[in-house]
Each structure stands twice: as C-alpha cells, then as structure tokens.
Amino acid sequence: MQTSTLLLSKQLPNLQYSSTQEQFDETWAAPLSTLLGLGRAAGADFLEFFLERVNYISCLAEEDTITSITPRLSTGAGVRVFRGKADCYVSTNDISFNGLKAALEKALAIVGLQLPAPNAFIPEINLELFRDYASKRGKIAWLPLCTTMREMGEVLLDSTNQLKQKASHIQSRRASYFRDWQEVLVAASDGTFARDIRLTQSVALSLLCADGAHRSSIAERGGNTSDPNFLKTWDFQQAAEKVSESAGKMLYADYVESGNYPIIMANHFGGVIFHEACGHLLETTQIERNTTPFADKKGEKIAHEALTAWDEGRTDNAFGTIDMDDEGMPAQRTLLIEKGILKNFLADRTGSVRTGHPRTGSGRRQNFTYAAASRMRNTYIATGEHSIDDLFASIDKGIYCKKMGGGSVGATGEFNFGVEEAYLIENGKMTKPLKGAILIGEAQEIMNKISMCSSDLSLAPGFCGSVSGSIYTTVGQPHIKVDSITVGGR
C-alpha cells in the first residue's frame, strides 16, 4: 500500500511499516515510495533501490572425496542517487526502513545533497502496479525443488568415478557444482516497482593427465537457469566420456608451430573470444571511459559482412537469461552487428544518461554491494549459410580450434587465448591433434576476417567480470572460419 497523503520530513521517525520480511512483495511499496520521495525532496534527479536475498551453496569433489561444501545466505540493499550526470551508490545489510533511510542519507551527502528541513513536504512517488515475475512464472516453488546436499555429493562422486573408469594416466579428477538462488526487488523514482527470482546452477568436470613429459588438461562445464532439476538430469556419463576422450587425444599431441594460419573455431564456448574481444567494447561503460574503438562507429561497418551478432536475455534456460535486469527493465533482444554493420550498444541507465544510447535491459550486477552497469547477457554470433564441410573445404592448411581455454584481453580489444584441444587441417581434412596453441589478435582486425559461419549455433555458460562484479553470461557461435590469425606455439 502506498502513502495516501503528503508527509512532512519531521514525521518520518514516527512512521511504522509492515513490510513482509520473508519475501519481497507489494507491502514494500509504502516504505520505498516514501524513501524515494524523501530523496526527491532533497534534490536528487533520480533514485533507485535494489533489494536482494541470496541462498547459495557449492560443492567440490576431488578424486573420490567431497572436499568442500560452502553455503552462503545474505540479505542487503543498495541505493543509487543521480544528480545531473553524477551518481553514487551506497549499500547496506540493514533493510529496515531506518537502515535504508541511513543509506539514502549517505548517498545524498556524497552528491552534495542533504535531507530536507523538518517542515518540508515529501512528494509521493507513484509506483507502478507490482510487476512480479516470481509469482507469474511459478518461481517461488523453485528453491524447495532443488537438489539436496546428499544428492549433490552423490552426483559429483559418480562423475569423478566415471572419469577414473574412462581415462588413463590420471593425475587429478575434480567435479564441482553450485546453486545460486536470488530474489531481487527494484523500486525507482520513475515508478519502477518489480520483483524477480533467479535460479542459476552450474556443474563442471576437470581432468589432468600425465605420462612422463606428456601432459593434458581438459575441463567441461554445463550451466542452466530456471530448472530446479538441472543436476538430477545432467548426463555425467556423457560429460565424463567427452572429457576423457579429449584428454587422451591431447596427451601425446604434437606442439603447434607458430605462424599465421586460417583457422576454424568450433561452436559453443568458441564464442568466448567474441564476448571478450568485441562484446565488452560494445558496452556503454567502455564509451564512458573512452576505451572502445567503436564509440563513434554506429551505422558503420566494423566486421565482415558474414558476421551478425546478438545479445539477449530471453533464450530458455541459458546462463545469461533474465526476465528483467537489475534496474527492473524487462529483458529484450539487442542486435549488436548485422552483416558487419554496428547497430547498437549495450546500455544501462547510467550509460544511457551519459552517452545518449537507449537502455537495452543490460543493467546487471553481481549483488547488492555493486551498482548496476552495462553488461552482456547471452551474447553470440548468429548462424550463417555454410555447412561445416564448406568451412573445412576452404582451407588447405590451417588449425581447427575445437575447445578454447583461458586468456586475457586488453582494454581496447587486444587478446590472447589458449586452445585446450586443436587439430591440424590439411587439404580440407582434420588430421593430427595439436597442443600449445595460443590465438593472438585484436578485435577490429579479427572481426573483419570472420568470413564464413555455419548453421550449428550452440551456447555455453560463462562468467564475466567487470565494474559491477562477476555475473553469469552465455557465450556462443556456430563454427566460424577466420581467414588469418597469429598462432603462438613452439
């Protein structure tokens, strides 16, 4: 219930609210509306409250033993205050009315404002009708349906046992899982009033094999949002088979020779290079910092005409899927690049204010201790018109990068990425396995060399770190051909 009469500032200490403490619901409208009005009366141009509850657990199996179980419960809130193009963010673990009011007062002070005089009127902020994605989609039932601690341990131990049966020359076997349940509420002075529940889960296998001087290390990760039964239905036997087979092939592989090669990059996690080397450069955060070469390129060609790329938050169960972003804006699809032409940037509220680019539902944060920033969701290169055979047939000598590893990216798109599993391409055919390959390049150059895309788009879960913390994202692509890239090796 929202306030029905204008309040005086001096009346605030005597107000009593009965907000539901066990969940975020419409009873939070009254206190948040009052606090938003208080901030407006103090002179803020815009205010936003972000409230959060988290129920998290992770489990790790090493060899045949559960070595770690880590639970975490947290509750907190943050308030963001805008004055012109300046803004600040203050967080607190105290979500009582007085706790939120104290956080608001600190935020106002940072931008040079103070609470109004005792006899000042507090304007009423008319919040929208409660937009509750949690109830609408039955998400309230998710947490009780999730895998129990005993079930987590059993699945992970079965997984490491499968690795032991399927692989040889094993040095270490690991399986890990986490479940992250999050309830959020956003209320802002533009009337935004929305709630969501998110459920993110991930499981991973890793295998290290060694035989004398020969070594190989392979990992595989699966991820999901919105399915409480994810771990119960995960095919750990197939995952263990895949990891073991790759580790066996790479154990005695020859080292790649350094040089410039045409390459074919596999689908699925191959999309990590586009995410890191180009996707970040299309976030308005980079425009604000003057660290993207694409800042003034909207409407211009920045990639090969074969390349179209999307960022969206709507693919069922994908790792970066959200019904609303952390500023309460509904999820949408954003066309980043169309046939090589830059079409849009990713913008949160701050990025929109400072750069003029429209918001895209991309305001995301790790938790309540961070202000939202423009971030990717599910980001991928779209399908093309070629078959995988077409890609291979176009290469006389090159490298097939089947599985990408870790890497690093510079502020303006320079990158180097390791390849966990690679093969030589000779006369259009994949031949011997190779290891030690490192892809080295720069975003502006490489985007113009992606000349062929197949039709087998596949998405993979990932984690993305930036100014608003570590968030869950999806990377992806079909098989793609890069005409030429520097490959480091021996």
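Here is a walk through two helices and then the hollow spaces of this structure.

Bear in mind that this is a predicted model, where local features need pLDDT of at least 70, side-chain atom pairs count only at pLDDT 80 or more, and totals for chains, interfaces and linings use all residues. Residues are numbered from 1 along each chain as its sequence is written, and side-chain values use heavy atoms, with hydrogens and water left out.

Let's start with helix α7, residues 236-251 (helices are DSSP runs of H or I with at least four residues, strands are runs of E with at least two, both numbered from the N terminus). Its 16 residues reach 22 Å from first C-alpha to last, close to the 22 Å expected at 1.5 Å a residue (that is 1.5 Å times one less than the number of residues). Among its buried residues are Phe-236, Val-243, Met-250 and Leu-251 (buried means under 20% relative accessible area with a 1.4 Å probe, protein chains only). The buried residues of α7 pack against α5, β8, β9, β19 and β20 (contact is heavy atoms within 4.5 Å).

Now look at α2, residues 97-110. Phe-97, Gly-99, Leu-100, Ala-103, Leu-104, Ala-107 and Leu-108 are buried there, and the buried residues of α2 pack against α1, β2, β3 and β4. After α2 comes Gly-112, with a positive phi near 80 degrees.

On to the open spaces. The largest pocket has a volume of about 1100 Å³ (on a 1 Å grid over the protein atoms alone, a pocket is an open set of points with protein on both sides within 12 Å along at least five of seven lines, and lining residues have an atom within 4 Å of a point; grid points are joined across faces, edges and corners, and a volume is the space filled by probe spheres set on the points). Of its 50 lining residues, Glu-220, Arg-221, His-268, Lys-403 and Ala-460 lie nearest the centre. Strand β18 gives the largest share of this lining, 6 residues.

The second largest pocket comes in at about 690 Å³. Gln-182, Arg-198, Thr-200, Arg-364 and Tyr-472 are the closest to its centre, out of 39 lining residues. Here β8 gives the most to the lining, with 5 residues. That strand is also one of the elements that the buried residues of α7 pack against.

Definitions and conventions: Buried means under 20% relative accessible area, exposed over 50%, partly exposed in between (1.4 Å probe, protein chains only). On a 1 Å grid over the protein atoms alone, a cavity is a set of points where a 1.4 Å probe fits but cannot get out, and a pocket is an open set with protein on both sides within 12 Å along at least five of seven lines; lining residues have an atom within 4 Å of a point.
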